[in-house]
Amino acid sequence: MAVQPLKLKRQRPSLSAKSINSKIVAEVAIPDLPFHLPETFTYAIPEGLLSDAVLGSRVRVPFRGEVVSGVIIAVSNENQMPVKSILKLESDRISPELFNFAKLVADRYVARLGDVLRLFPPMRA
């Protein structure tokens, strides 16, 4: 008698984001994370989004089996490891002045930058 695999009522769909080798990567702050997780995660910037992915841009990224929103806090040209790719670049972003102010607020009140940036209104591009 063959054993059938257990089927759960709510199974998460598998994401199509695979790890790729990319030289240009972005540090993305994801809000509402537990404190035991790092504050930022590294994602590859796809070729089509290179010109629009700047500091303060809001993005959609794969994280722990889900697609979540985040904010780009740094862009780097130095990457040696395969990382997952940014799925979507949203049309709104945070202005450089508000971004710098959010960093000051996060430092002053010992808060995560992703949580502070979530509270700031976006600037329409």
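A search of the whole structure, a predicted model, finds two aromatic pairs. Rings of Phe, Tyr and Trp (its six-membered ring) count as a pair if their centres lie within 6.5 Å; planes under 30 degrees apart are stacked, over 60 edge-to-face, and the rest tilted. F101 and F120 form an edge-to-face pair, with 6.0 Å from centre to centre and 75 degrees between the planes. This pair links distant parts of the chain: F101 lies in helix α1 (residues 96-108), and F120 lies in the loop between α2 (113-119) and β6 (123-124), 19 residues apart. Helices (H or I, at least four residues) and strands (E, at least two) are DSSP runs, numbered from the N terminus.

F101 is partly exposed, at a relative accessible area of 45%, whereas F120 counts as buried at 13%. Buried means under 20% relative accessible area, exposed over 50%, and partly exposed in between (1.4 Å probe, protein chains only).

Residues are numbered from 1 along each chain as its sequence is written. Local features need pLDDT of at least 70 and side-chain atom pairs count only at pLDDT 80 or more, while totals for chains, interfaces and linings use all residues; side-chain values use heavy atoms, with hydrogens and water left out.

**Strand pairing**

Two strands pair if DSSP finds at least two bridges between them. The table lists pairings of β1 and β3.

| Strands | Sense | Bridges | Example of opposite residues |
|---|---|---|---|
| β1 and β2 | antiparallel | five | A26 and Y43 |
| β1 and β4 | antiparallel | five | A26 and V75 |
| β3 and β4 | antiparallel | six | R60 and S69 |
| β3 and β5 | antiparallel | three | V59 and L89 |

A26 thus has a bridge partner in β2, Y43, and another in β4, V75. β3 and β4 also form a hairpin with two residues between them, and R64 in the turn has a positive phi of about 55 degrees. Four of the five residues of β1 are buried, so β1 is largely enclosed by the rest of the structure. β3 is likewise largely enclosed, because six of its seven residues are buried.

**Nonpolar cores**

A nonpolar core is a set of buried Ala, Val, Leu, Ile, Met, Phe, Trp, Tyr and Cys residues joined through side-chain atoms within 4.5 Å. The largest one has 16 residues, and those with the most contacts inside it are I30, Y43, F63 and I86. β1, β2, β3 (57-63) and β4 (66-76) each supply at least two residues of this core. The largest share, three residues, comes from β3.

Contact means heavy atoms within 4.5 Å. Leaving aside residues up to four places away in sequence, Y43 touches V25, A26, V28, I30, V61, P62, F63, V83, K84, S85 and I86. A second, separate core has eleven residues, including F99, L113, L117 and F120.

**Other local features**

P31 is placed in the loop between β1 (25-29) and β2 (40-44). The C-alpha atoms of P31 and S69 are separated by 7.9 Å, although these residues are 38 apart along the chain. P31 touches S69, G70, G114, D115 and R118, again not counting residues up to four places away in sequence.

R108 lies over the face of Y109, 5.3 Å from the ring centre. A charge sits over a ring if NZ of Lys or CZ of Arg is within 6 Å of the ring centre and within 35 degrees of the ring normal.
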